[in-house]
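Biologist: I'd like to learn how to read a few features in a model like this one. Can we start with the empty spaces inside?

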Amino acid sequence: MKKILIACCVAALLAVSCSKRGPEYDICVYGGTSAGVIAAYSARMMDKKVLLIEPGGRLGGLTSGGLGYTDIGNKQVVTGLSKDFYRRLGRHYGKLEQWIFEPGVAEGIFEDYVSSAGVKVWKKRRIVGAEVGGGKIVSIRVEPSDGEGEARTVTASMFIDCSYEGDLMAHSGVTYGVGREPNSLYDETYNGVQLMTRHQFPDGVDPYVVPGDSTSGLLWGISDAELLPDGSGDTLVQAYNYRICLTDDPDNMIPITRPDNYDSTRYELLLRLFEAQPDKRRLNDYFIWSRMPNRKTDVNNRGGFSTDAIGMNHNYPEAGYEERERIIRNHREYTQGLLYFYGHDSRVPDTLRRQMLRWGYPKDEYEEYGHWTPQLYVREVRRMVGEYVMTQANCENREVVEDGIGMAAYTMDSHNCQRIVVEKDGVKMVKNEGNVEIGGGRPYPISYRSIIPRRGECDNLLVPVCMSASHIAYGSIRMEPVFMVLAQSAAVAACLALETGDVHKVDVARVQTLLRENPLLDGSLPDVLADDSEAVVPDGGWEQLRRNGGYGPTFYVCNEGGKSIRFPLSVPEEGEYRLYTYYQLTDGTVPVTEYVVFDGKEPHAVSVDRADVVIEGQTHGEWIPLGTFRLAPGTESYVEVSGDPSAGRVVADAMLLIAGE
């Protein structure tokens, strides 16, 4: 009895001691996605005690999981540590920035972020509960996702949910939604049900097992749901898929073999699509087959029937871990089966079969996962309903927030949500529903209030991934570079919120200033950008265009011969600066663009030959080096751009100065 009493007293003393010490961590980041790594690194760079928890065994999420063909929108929106990530990739590939890359290279960079900053990382741990009290998350409970080890409790002053699923957010009890809102809710036009023409079946493709016989049942993958009116809300989630890394290098290739649970009947509808499109006999007609470095790919969805497993994911957002694993397995089997079907089913057109058989799984990627990515592309799961909801009005620049902590610029983008039967001119046919690809306006700011819960719900949680946005606005924001930008902002805000214990009391102007003046959080000088808005046109002859393709919302083109445009250069301190110009490569660009760099003492002539410029990835422009120059504040220095308009279009967009070597 005495021993029991002593043990109880010791436990009580330990509890009191722990309570006096306070939370174990300043900031807990849940989800080792690209955003999670950047958030954890940012908080460590601000000298906070940080724990990063990743349910899987790999850091980087989709960015290291196959999405190597970066969705950019506009490079202007990629700032801070997000831009630093693409520059670290650039150093690996011998360029300033690299926007297409191999999964393993990306993973290595994310691992370097956490190791260099001393971030404590728990892998293969997933949340199973949260203690919430007094309007705050007190602690969370995590269990081993691989079944090895014990469940553990984590206490922290601030929590950041960087998971794609928003599981920490859900356990905290804050308001969130799943699916598509009706257009009427936020006065939108592209939300809800949308039957559009992109990634669609041509008219007339029969949906039934026996063509023309509705009693024979629907082919695999077709829902019997009724098509609701355009703009109707529902709980459907846009399709998930895998971003597939393959190789055609024989020395690095593992053949695509018949997967477990292979079922060729899943692809009967694809055979009917082949019949309906006899002129389409390239893999790129049925996949977005993007080339990556070292003879690898990032394969994405294209057309009516492709890698998107339409309708297979609707239970995923609210499913338990066991059901999610089943959904993930079904997606993997569907996708691997699709690749095998193309290469081995005799009913597939011969030209397509021969093309597919050139490809296999890369030996040097995902080795611990059987050379297949463990990261399903869960494009949209839960979305918080926070202090501010980003909507279509923001995407179209009709509503502009002043508390921006990051920018977005991508198309309003939703993949299909369902595959159904519709009737047109008395004929029943299969159609996909839900795909939207609508260009918005110029790059637009994302509100700080959209990454924090409503007041009174939770004061110590930030959600930069499953943030507060309507379905269609989220489709524009949900790009990996933007997630990293928002995650850095969330981490900076969380560090400032430690002063008051409330994310709602953060001075957003302080966050904005810190990100502007110390973008890498290491004290290094920020880049100096001279955009076209600062350019001087002394003699006319140049027209400023407001359209996509440039750096930022505008750029200049020359319409008259003998005319130049000048970009003033202003630096914060004397030193060596690497100078770059943002070069747009289009069919109409002049063969040679001439630059004169005046460093304050003498001019330096530099020419850029269009034939020497290589632009890779989802962008029309590239930073091209003009040289290294010693510049000083208070002296006249500039770049002058000219060319021969009779030979094409002379473009002047932006100049970039980077301090140091």
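Biologist: How many cavities of 30 Å³ or more does the count come to?

Modeller: Rolling a probe the size of a water molecule over the atoms shows where empty space is left. Here a cavity is a set of points, on a 1 Å grid over the protein atoms alone, where a 1.4 Å probe fits but cannot get out. Points are joined across faces, edges and corners, and a volume is the space filled by probe spheres set on them. By this rule there are three cavities of 30 Å³ or more, and the largest has a volume of about 120 Å³. Mind that this is a predicted model: local features need pLDDT of at least 70, side-chain atom pairs count only at pLDDT 80 or more, and totals for chains, interfaces and linings use all residues. Residues are numbered from 1 along each chain as its sequence is written, and side-chain values use heavy atoms, leaving out hydrogens and water.

Biologist: Which residues lie nearest the centre of the largest cavity?

Modeller: Lining residues have an atom within 4 Å of a point. There are 16 of them, and Leu62, Tyr377, Arg478, Glu480 and Phe483 lie nearest the centre. The lining divides into ten nonpolar, one polar and five charged residues. Helix 12 (residues 480-497) gives the largest share, three residues. Helices are DSSP runs of H or I, at least four residues, and strands are runs of E, at least two, numbered from the N terminus.

Biologist: And how do helix 12 and helix 13 cross?

Modeller: Two packed helices are described by the angle between their axes and the distance between the axes. Axes are lines fitted to C-alpha atoms, for helices over the stretch in contact, with angles from 0 to 180 degrees between N-to-C directions. The axes of helix 12 and helix 13 (residues 508-517) come within 10 Å and cross at roughly 125 degrees. That makes helix 12 oblique to helix 13 (under 35 degrees is roughly parallel, over 145 roughly antiparallel, 65 to 115 roughly perpendicular, the rest oblique).

Biologist: What is the strand order in the open sheet of four strands?

Modeller: Strands pair if DSSP finds at least two bridges between them. The order is 25-30-27-28, with antiparallel pairing. Strand 25 (565-568) and strand 28 (603-609) stand at the edges with a single partner strand each, so one side of each has no neighbour in the sheet. The twist averages 20 degrees from one strand to the next.

Biologist: Where can I check the pairing of strand 27 and strand 28?

Modeller: Strand 27 (residues 592-598) pairs with strand 28 over seven bridges; look at threonine 593, opposite valine 608 in strand 28.

Methods: On a 1 Å grid over the protein atoms alone, a cavity is a set of points where a 1.4 Å probe fits but cannot get out, and a pocket is an open set with protein on both sides within 12 Å along at least five of seven lines; lining residues have an atom within 4 Å of a point. Ala, Val, Leu, Ile, Met, Phe, Trp, Tyr, Cys and Pro count as nonpolar, Asp, Glu, Lys and Arg as charged, and the others, Gly among them, as polar.
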